[in-house]
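Could you walk me through this model, starting with one odd spot in a loop and working in towards the core? I have the coordinates open and would like to follow along.

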Amino acid sequence: MEPGAGAAAAAAAATAIYPLHRCKTIHLVRHAQGAHNVEGETDHSAYMKPHFFDARVTPLGWNQVDRLREHVKKCGLVEKIELVICSPLLRTMQTAVGVFGGESYSNGAGVPPLMVENAADSGRPAVSSLNCPPFLAVEACRERLGVHPCDKRRSITEYRTLFPAIDFSLIENDEDVLWVPDVRETFESLAERGMKFIDWLWTREEREIAVVTHSGLLCHTLRMYSKECHPTVRQEVSKYFANCELRSLVLVDRSMLGSDRPNYNYPGKIPAGLDLPSDDVVAADKKQPCIEEAQDRA
């Protein structure tokens, strides 16, 4: 064995290299504290209460929103995000616009606000849609469906009056046809839906995307994605999300779902000229086709 070969093999097993243009950065956020979370923390049956229908963010939850907003501004993340995707439920949309939206809205701005003043009796000022990323509501990143009234959404018609600048165009039905009162979505179905949602992100051209969603979807989806990771990484990726927690992950396109061209790669040899590599590199390049041919014949 050549000197250093063992160390090289160990390093290769511990690290990996992947083309930048086949990666996206996703910033996952669980919604701020909702009214249902308060009672549900100590009594799980509270999630069955009808008055928690499409639960809104609590005053404590808005405090959490303000703190996370300060964080994303201070660390510069808010300037990098190109798109904000949110589950079309009241608590996720309130969290999304509160964290990533523009400043206080002015009626003379000439553009619709992300959220109107006192939306859903929140007591909050209107939020501007200026100087912030676009917002897109997507059904696929909703919480586990069925049975719990807190996970049933309102009509899109009503939401549009509360969140005029959020794009609801991908939602086909005005009323909530996905939620049913007597059947709870299985964990397997939830994880599968979450993984399909993550795959769908590769159809988007944006490279940095914030997703404001729910603990159930995050937990079960990330458990599936992290199965092959080192136990420490698996724990870091798939652990339970606190209210208004943000976790940034790199999404790698291993199955060629994306087709984006690299933004930073440069082909070189412009202008063209002689650039024959060293003998060692040439020898390695000559050996490589033989290795591949031998593998093809095996």
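**From a loop to the core**

Let's start at Asp54, which sits in the loop between α2 (35-40) and α3. Keep in mind that this is a predicted model. Asp54 has a positive phi of about 45°, although it is not a glycine. Is Asp54 buried or exposed? With a relative accessible area of 1%, Asp54 falls under the 20% cut-off, so it counts as buried.

There's another residue of this kind further along. Ala120, in the loop between α5 (90-100) and β3 (135-137), has a phi near 55°, again a positive value in a residue other than glycine. Ala120 is buried as well, with a relative accessible area of 15%.

Now step back for a moment and take in the whole chain. You should be able to count 10 helices and five strands. Of the 298 residues, 42% count as buried. Take the contacts between residues at least 6 apart in sequence: 78% of them join residues at least 24 apart.

Back to α3, the helix that covers residues 59-74 and holds Arg69. Arg69 is a charged residue, yet its relative accessible area is 13%, which means it is buried. What does its side chain find there? A polar atom of the Arg69 side chain lies 3.2 Å from the backbone oxygen of Gly98, and a polar contact of 3.3 Å joins the side chains of Arg69 and Glu103. If you leave aside the neighbours within four places in sequence, Arg69 is in contact with Val97, Gly98, Val99, Phe100, Gly101, Gly102 and Glu103. The two polar partners, Gly98 and Glu103, both appear in that list.

Next, head for strand β4, residues 208-213. How many of its residues are buried? Six of the six are, so the strand is mostly covered. Both faces are covered: Glu208, Ala210 and Val212 are buried on one side, and Ile209, Val211 and Thr213 on the other.

Look along the edges of β4 and you'll find its partners. Strand β1 (residues 23-30) runs parallel to β4, and six bridges join the two; in that pairing, His27 has Ala210 as its bridge partner. Strand β2 (residues 83-86) also pairs with β4 in the parallel sense, this time over four bridges. There, Ile85 stands opposite Val211.

Val211 is worth keeping on screen, since it turns up again in the lining of the largest cavity. A search of the whole structure finds one cavity of 30 Å³ or more, and about 60 Å³ of space lies in the largest cavity. Lining it are Leu28, Gly194, Phe197, Ile198, Val211, Thr213, Leu217, Leu218, Thr221 and Leu222. The elements that give two or more residues to this lining are α7 (187-200), β4 and α8 (215-225). Which of them gives the most? That's α8, with four residues. By class, the lining has seven nonpolar, three polar and no charged residues.

That brings us to α8 itself. Eight of its 11 residues are buried, so the helix is largely enclosed by the rest of the structure. The buried ones are Ser215, Gly216, Leu217, Leu218, Cys219, His220, Thr221 and Leu222. What do they pack against? Their neighbours are β1, α7, β4, α9 (231-238) and β5 (246-252). A reminder helps when you read the cavity lining against this helix: an α-helix has 3.6 residues a turn, so residues three or four places apart point the same way. With that in mind, look at Leu217, Leu218, Thr221 and Leu222, which are among the lining residues of the cavity.

One more stop, and α8 is part of it too. The second largest pocket has a volume of about 480 Å³. Of the 22 residues that line this pocket, the closest to its centre are His44, Tyr47, Glu143, Ser215 and Tyr240. Ser215 is also one of the buried residues of α8. Helices α2, α7 and α8 each supply at least two residues of the pocket lining. By class, the pocket lining divides into five nonpolar, 10 polar and seven charged residues, whereas the lining of the largest cavity has no charged residues.

Key:
Residues numbered from 1 in each chain as written. Predicted model: local features only at pLDDT ≥ 70, side-chain atom pairs only at ≥ 80, totals over all residues. Heavy atoms only, no water. Buried < 20%, exposed > 50% of the residue type's maximum accessible area, 1.4 Å probe, protein only. Pairing = 2+ DSSP bridges. 1 Å grid on protein atoms, 1.4 Å probe; cavity = no way out; pocket = protein on both sides within 12 Å on 5 of 7 lines; lining within 4 Å. Points joined across faces, edges and corners; volume = space filled by probe spheres on them. Contact = heavy atoms within 4.5 Å. Polar contact = N/O pair within 3.5 Å; in protein donor to acceptor, adjacent residues only side chain to side chain.
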